[in-house]
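Here are a few exercises to try with the structure open in your viewer. Have a go at each task before you read its solution.

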Amino acid sequence: MKAIVYSQNGLPISDENALYEMEVAKPQPGARDLLVKIHAIAVNPVDTKVRNGAPTDKPRILGWDAVGVVEAIGDQVTLFQPGDEVFYAGDITRAGSYAEYGLVDERIAGHKPRTLNNADAAALPLTSLTAWELLFDRLEVQADDNAALLIIGAGGGVGSILTQLARKLTHLTVIGTASRPETTDWVRSLGAHHVVNHHQPLGEQLAAIGHPEVRYVASLTHTDSYYAQLIDVLAPQGKLALIDDPESLDVVPLKRKAISLHWELMFTRSLFQTADMQRQHDILQRVSQLIDDNTLQTTAGEHHGTINAANLRKAHALIESGRARGKIVLSGF
């Protein structure tokens, strides 16, 4: 089967060897695996981070968002059957989705939303899982919570779905950050009550909209740049959740306000085969339902054409530029 791989980390994305096509063996499903014929994928910041920072001793297939059709199942699979349309974000320890076929454990896959095409559905799994787990599992927000949530980087992939989840499924006041006119408009269209500029002092802007303190912060990007400001605007006993990778994070300044720190990693459940691993299947099933009843919308931002090495290099370049809005998707080989 065709696959797009990297074999040397750290190459600039302009180098044709940064991502290239090769033929690899078609995988065979294990006991709880689905063998999926892949029709569409999305590209995430984690793809670029692994390509840049993770050495590999053999060609590695990246990609952790996919939509496709189940072709075969393992002998212990109970949640799906051949012919089902599925979407999933996968497992970072396994081969990814930049390929014609992929394997995924049934416990971390869901049935694709019926009302979306393949590309628009591919935009959802990784960011939906990350946003849902951050909001409900890490910050432990309840549906009737009427506090304020500040989302740093609300226009990105995770921010785009987190903004919707918080607005549609809770009573939170949702405050997103964005700096460019197009991302500001995008965040507002997704349901944010307010949008503030992360290039300007946050405290002053929050006070101006009547929220000098917030109970929750979801910091999705450049946490180390905003960290001191986030501590200032968090209310006593507030909660700070993050998903990015600061070089260091001094937790001592959190003590005075008794602020709790929460780290979200969507891959944790599959990485450690946790007892509640099937919660990701349940989340994706719920997201699919919310899409089909028009509560949520896809966060697909740009369609980069067919799945090939050249188009994937362009997608990686856009993500590395920091100017992506929503999710980058590709479909077909």
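For sorting pocket residues, Ala, Val, Leu, Ile, Met, Phe, Trp, Tyr, Cys and Pro count as nonpolar, Asp, Glu, Lys and Arg as charged, and the others, Gly among them, as polar. Keep in mind that this is a predicted model.

**Exercise 1.** Work out how the lining of the second largest pocket divides by class, and find what builds it.

*Solution.* Start with the space: this pocket holds about 300 Å³. Next, look at its centre: of the 18 lining residues, the closest are Pro59, Ile61, Arg94, Ala95 and Gly96. Then sort the lining, and you get ten nonpolar, four polar and four charged residues. Finally, check the elements: β7 gives the most, with three residues.

**Exercise 2.** Find where the largest pocket lies relative to domain 1 and domain 2.

*Solution.* First, its volume is about 1,400 Å³. Among its 47 lining residues, Pro45, Lys49, Leu220, Thr221 and Asp244 are the closest to the centre. Now bring in the domains: domain 1 (2–126 + 268–331) and domain 2 (143–264) both supply lining residues, so the pocket lies between them. As for single elements, α1 gives the most, with four residues.

**Exercise 3.** Explain which residues of helix α7 are buried and how they sit around the axis.

*Solution.* In α7 (residues 223–233), the buried ones are Thr223, Tyr226, Tyr227, Leu230, Ile231 and Val233. They span an arc of only 150° around the axis, so they are on the same side of α7. Flip to the face turned away from that side and you'll see exposed Ser225, Ala228 and Asp232. Last step: the cover over the buried residues includes β9, α6, β12 and β13.

Notes:
Residues numbered from 1 in each chain as written. Predicted model: local features only at pLDDT ≥ 70, side-chain atom pairs only at ≥ 80, totals over all residues. Heavy atoms only, no water. Buried < 20%, exposed > 50% of the residue type's maximum accessible area, 1.4 Å probe, protein only. Helix = DSSP H or I, 4+ residues; strand = E, 2+ residues; numbered from the N terminus. Arc of directions from axis to C-beta. Contact = heavy atoms within 4.5 Å. 1 Å grid on protein atoms, 1.4 Å probe; cavity = no way out; pocket = protein on both sides within 12 Å on 5 of 7 lines; lining within 4 Å. Points joined across faces, edges and corners; volume = space filled by probe spheres on them. Domains from an automatic or database assignment.
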